[in-house]
Amino acid sequence: MKIDLTDTTAGKVNKALVQGRRAIGTPAVGMVLTLVIVTDEENAYDALKAAGDASHEHPSRTLVVIKRVSRSPRDRTASRLDAEVRVGADAGSGETVILRLYGEVADHADSVVLPLLLPDAPVVVWWPVNAPLDPAKDPLGALAQRRVTDTYSSEQPVRELSARADAYTPGDTDLSWTRITPWRSMLAAALDQVVCEVKAVEVEGEEFNPSCELLAMWLADRLDVPVKRSLSAGPGLTAVRLDTSEGAIALDRADGSLATLSIDGQPDRAVALKRRDTAELIAEELRRLDPDDTYASALRFGVERLNASAAAAPATAEPVAVAVPAAAAAQGSESPAKGEPAVEAAAAEAPAPEAAAKEPLKKRAKAT
């Protein structure tokens, strides 16, 4: 069911939501959170479709905020709010309100959104594009417990990582980080099979891909070894290679779907490592609303420090002993399971892959 409202107010939108629920025979509110999507007309459809698919796992009230650009000085001073209310089958497993803001009201989107938030429910704000450099200080971001950005959509994604690190506030996260959850899971499970000394790491992927930088920074931060960032034609991340005292460990994905896990002394095995769509990524982020300390630590390691440590590394780096116990890796915050790959064969007894990735790799001092 769809209800169109022109030149309306937040109060009338709330009444339309109640009217829509009664019309379809579900007067009760069964949503678990409010998802606020701040986007433009060009990207609104894709963002709304992803949120609708994610709502089957997380029933929510979705508020789509679209700030319309006024064409003339007169239009810029005239404020207007148009809304489209969707309930029932047209809104997935929740409710959807598309808000189009014109004129001066576009500068006060938080005043429009605030009366429409579900009472006593968490608020998540997602910027698919054009995210502010400091989401926590944005008027809409200040309303949320969780703020989701996507560095990959920016013009200079790698440079923007540094700005994100400077402005980080607990509750911030990025879909570029969410994209590498399966990679972190696989690497944690691979190191769980071999007690070894990691000497150096190489991360290979396409240029200007912030997920590659974040994975390299995570490995450098947790393993305290030189990490080399090399380029490939993609798509996305293509390989991670670890030089260890027990031989090489490599996770190679050339086609964006199926990867090969190679460990010296063991047969190669194929593992599912497909590139996930936006709906799966946003659904993962909605599973946890607490601060992601692992993301914060990797982000603050910094791209500059990563490049400097790789350039200054000696030819034979002092090895660092690393052990990744399965039980220790499995402990952590709530982690997603839907659509995540699992390590096959010898990794069958490893913990749930994403749970292993959520906990930092454990470091152990080298025995002397």
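1. Strand β11, residues 237-244, is mostly covered, with 6 of its 8 residues buried. The model is a predicted one, and the points below should be read with that in mind. Strand β11 has two partners to consider. With β9 (residues 196-205), β11 pairs in the antiparallel sense over 7 bridges; in this pairing Ala200 stands opposite Asp243 in β11. With β12 (residues 247-252), β11 shares 6 bridges, and these two strands also run antiparallel. Here Ala239 is the residue facing Asp252 in β12. The connection from β11 to β12 is a hairpin through 2 residues.

2. On overall content, the protein comes to 13 helices and 15 strands. Of its 368 residues, 54% are buried. Among contacts with a separation of 6 or more, 74% are between residues 24 or more positions apart.

3. Confidence should be checked before any detail is used. The mean pLDDT of the protein is 82, and 81% of its residues reach 70 or more. Among the elements, strand β6 (residues 123-126) has the highest mean pLDDT, at 97, while helix α12 (residues 326-330) has the lowest, at 36. Over residues 315-360 the pLDDT stays under 50, and the model has 105 contacts beyond four places in sequence for this stretch. Residues 362-368 are also below 50 in pLDDT, with 15 contacts in the model beyond near neighbours in sequence.

4. One open sheet has 8 strands in the order β1-β4-β5-β3-β2-β6-β7-β8, and its pairing is mixed. Which strands stand at its edges? They are β1 (2-5) and β8 (172-174); each has a single partner strand, so one side of each is left without a neighbour in the sheet. From one strand to the next, the twist averages 15°.

5. At the β8 end of that sheet, the partner is β7 (residues 146-149). Strands β7 and β8 run parallel and are joined by 3 bridges. Val148 is placed opposite Thr173 in β8.

6. At the other end, helix α1 (residues 10-23) lies across β1, β3 (60-67), β4 (80-86) and β5 (95-102). The helix runs at about 160° to β1.

7. The aromatic pairs deserve a look, and the count comes to 2. In one of them, Tyr168 and Tyr295 meet edge-to-face, 6.1 Å centre to centre and with 65° between the planes. This pair links distant parts of the chain: Tyr168 is in the loop between α5 (157-166) and β8, Tyr295 is in helix α10 (residues 293-301), and the two are 127 residues apart. Are these rings buried or exposed? Tyr168 is buried, with a relative accessible area of 10%, and Tyr295 is buried at 2%.

8. Tyr295 also pairs with Trp177. Their ring centres are 5.6 Å apart and their planes are at 55°, so the pair is tilted. This pair, too, links distant parts of the chain, with Trp177 in helix α6 (residues 175-178) and Tyr295 in helix α10, 118 residues apart. Both Trp177 and Tyr295 are buried. Through these ring pairs, Tyr168, Trp177 and Tyr295 are linked into a cluster.

9. Two arginines are placed over aromatic rings. The charged end of Arg80 sits over the ring of Tyr102, 4.2 Å from the ring centre. Arg184 lies over the face of Trp218, at 5.7 Å from the centre of that ring.

10. Helix α9 (residues 278-286) is mostly covered. How many of its 9 residues are buried? The count is 8. They are Ala279, Glu280, Leu281, Ile282, Ala283, Glu284, Glu285 and Leu286. Glutamates are therefore on the buried list as well as alanines, leucines and an isoleucine.

Methods: Residues numbered from 1 in each chain as written. Predicted model: local features only at pLDDT ≥ 70, side-chain atom pairs only at ≥ 80, totals over all residues. Heavy atoms only, no water. Pairing = 2+ DSSP bridges. Helix = DSSP H or I, 4+ residues; strand = E, 2+ residues; numbered from the N terminus. Axes fitted to C-alpha atoms, helices over the stretch in contact; angles between N-to-C directions. Contact = heavy atoms within 4.5 Å. pLDDT = per-residue confidence, 0-100. Buried < 20%, exposed > 50% of the residue type's maximum accessible area, 1.4 Å probe, protein only. Phe/Tyr/Trp six-rings, centres within 6.5 Å; stacked < 30°, edge-to-face > 60°. Lys NZ or Arg CZ within 6 Å of the ring centre and 35° of its normal.
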